[in-house]
Amino acid sequence: MPELPEVEITARLIGAAVAGAEIESALAPGINTLKTFAPPLDALAGRRIERVRRRGKQIIVEVEGGLALLLHLMSSGRLQLFDKRAGLRDRTSRLLVRIADGRELRLREFGTKQAAWVKLLERDALEGDESLARLGPEAWPEPPADLASRLSEPRPLHAALRDQRVIAGIGRSWVDEILWTARLSPFKRGSDLDADELAALSEAIASTLERALEHYERTVALPIPDKLPMPLEVHRHEGEPCPRCGTRLEAVNYEDYVMSYCPSCQTEGRTLKDRRLSRLLK
Ligand SMILES: [Zn+2]
């Protein structure tokens, strides 16, 4: 699940490698991957890539002449840069951007669902596009100074921090690490945080995401691996000892994801495995 650190390292490494490169052609083999029709994908041919950047969990490839590709990897997409072109039989391919020197920028998606998407937009239209216009401020490098008011609704932190309108870039994996680092219960309501807890949360957001990025700077290289080596210590580590206190990590299982936490560090020793019970835990 690519979140802020995974998308940031992807944008950094690919951006450094393709800035200035000329696009030969582009095609979108994915079903419904391309969400826009004007300008057409053919408009990319012959233009140079200017830079690649990230906003929230999305990647923006800026192309000369005022165009931009906006990509969302969703839960199982990867943007990778290969030295050679893919055969058209690669069923994971959703978008292929062929570089004039023979390299290929490839949006691939693993799994059965086709959810990753791409928009080709005039750069002027980028910020107004619904997927960017609704995004809250970036979680990294500095969490928003108004985090307290952004979390003022009585919602559990585990949900509020993953709401991209509240703060952009955090998802199901890193939220567990952040709350564990801040020693806060995933079910504590944002509106119940005191000043010390807010400061701890803000610090944990910044330090956790920064640590992940430093790890990726050391371990990730082009073409960008299919599976990123996520340095998670708590998320999906239920049953193992807490790296801080040794207590057995627990988890609440939802239909399509898992929330992991340390009962000693985060929930005053209480263990909850069922989300109906989770309402009792703040
Ligand atoms: Zn612990």
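Is C245 buried, exposed or partly exposed? At 39% relative accessibility, C245 counts as partly exposed. The close-ups below start at this cysteine and then move on to a helix pair and a few backbone details, all taken from a predicted model.

**Close-up 1. Four cysteines hold the zinc ion.** The protein donors are the SG atoms of C242, C245, C262 and C265, and they lie 2.2 to 2.4 Å from the zinc ion. Along the chain these donors follow the spacing C-x2-C-x16-C-x2-C. The four donor atoms subtend angles of 102 to 116° around the zinc ion, so the arrangement is tetrahedral. For comparison, the ideal angle for four tetrahedral donors is 109.5 degrees.

**Close-up 2. C245 and C262 sit in two loops of the zinc site.** Look for C245 in the loop between α6 (195-219) and β9 (250-253). C262 is in the loop between β10 (258-261) and α7 (263-266). The pair therefore ties together parts that are 17 residues apart in sequence. What about their surroundings? C262 has 0% relative accessibility and so counts as buried, whereas C245, at 39%, counts as partly exposed.

**Close-up 3. Helices α5 and α6 cross.** Two packed helices are described by the angle between their axes and the distance between the axes. Here the axes of α5 (residues 172-181) and α6 come within 8 Å and cross at roughly 125°. The two helices are therefore oblique to each other, and α5 passes α6 in a right-handed crossing.

**Close-up 4. Side by side, α5 and α6 share a set of contacts.** On the α5 side, the residues to pick out are W174, E177, I178, L179 and T181. They meet a group in α6 that includes L201, A204, I205, S207 and T208. Also among the α6 partners are L209, R211, A212 and Y216.

**Close-up 5. Helix α5 is mostly covered.** How many of the ten residues of α5 are buried? Eight of them are, namely S173, W174, V175, D176, E177, I178, L179 and W180. The cover over these buried residues includes α1 (4-18), α4 (157-160), α6, β10 and α7. Two names on that list, β10 and α7, also flank the loop that holds C262.

**Close-up 6. R183 follows α5 with a positive phi.** Most residues other than glycine have a negative phi. R183 is not a glycine, yet its phi is positive, at about 55°. You will find R183 in the loop between α5 and α6. At 49% relative accessibility, R183 counts as partly exposed.

**Close-up 7. M74 also has a positive phi.** The phi of M74 is near 55°, a positive value in a residue other than glycine. M74 belongs to the loop between β4 (67-72) and β5 (77-82). With 33% relative accessibility, M74 counts as partly exposed.

**Close-up 8. A cis peptide bond leads into P39.** Most peptide bonds are trans. The bond from A38 to P39 is cis, with omega near -5°. To locate P39, follow the loop between β1 (23-27) and β2 (49-55).

**Close-up 9. A cis peptide bond also joins W140 and P141.** Here omega is about 5°. P141 has its place in the loop between α2 (130-133) and α3 (147-150).

How values were computed: Residues numbered from 1 in each chain as written. Predicted model: local features only at pLDDT ≥ 70, side-chain atom pairs only at ≥ 80, totals over all residues. Heavy atoms only, no water. Donors = N, O, S within 2.8 Å, 3.2 Å for Na, K, Ca; no water. Tetrahedral: all angles 85-135°; square planar, octahedral: opposite > 155°, others 65-115°. Helix = DSSP H or I, 4+ residues; strand = E, 2+ residues; numbered from the N terminus. Buried < 20%, exposed > 50% of the residue type's maximum accessible area, 1.4 Å probe, protein only. Axes fitted to C-alpha atoms, helices over the stretch in contact; angles between N-to-C directions. Parallel < 35°, antiparallel > 145°, perpendicular 65-115°, else oblique. Left-handed = near helix turned anticlockwise from the far one by under 90°. Contact = heavy atoms within 4.5 Å.
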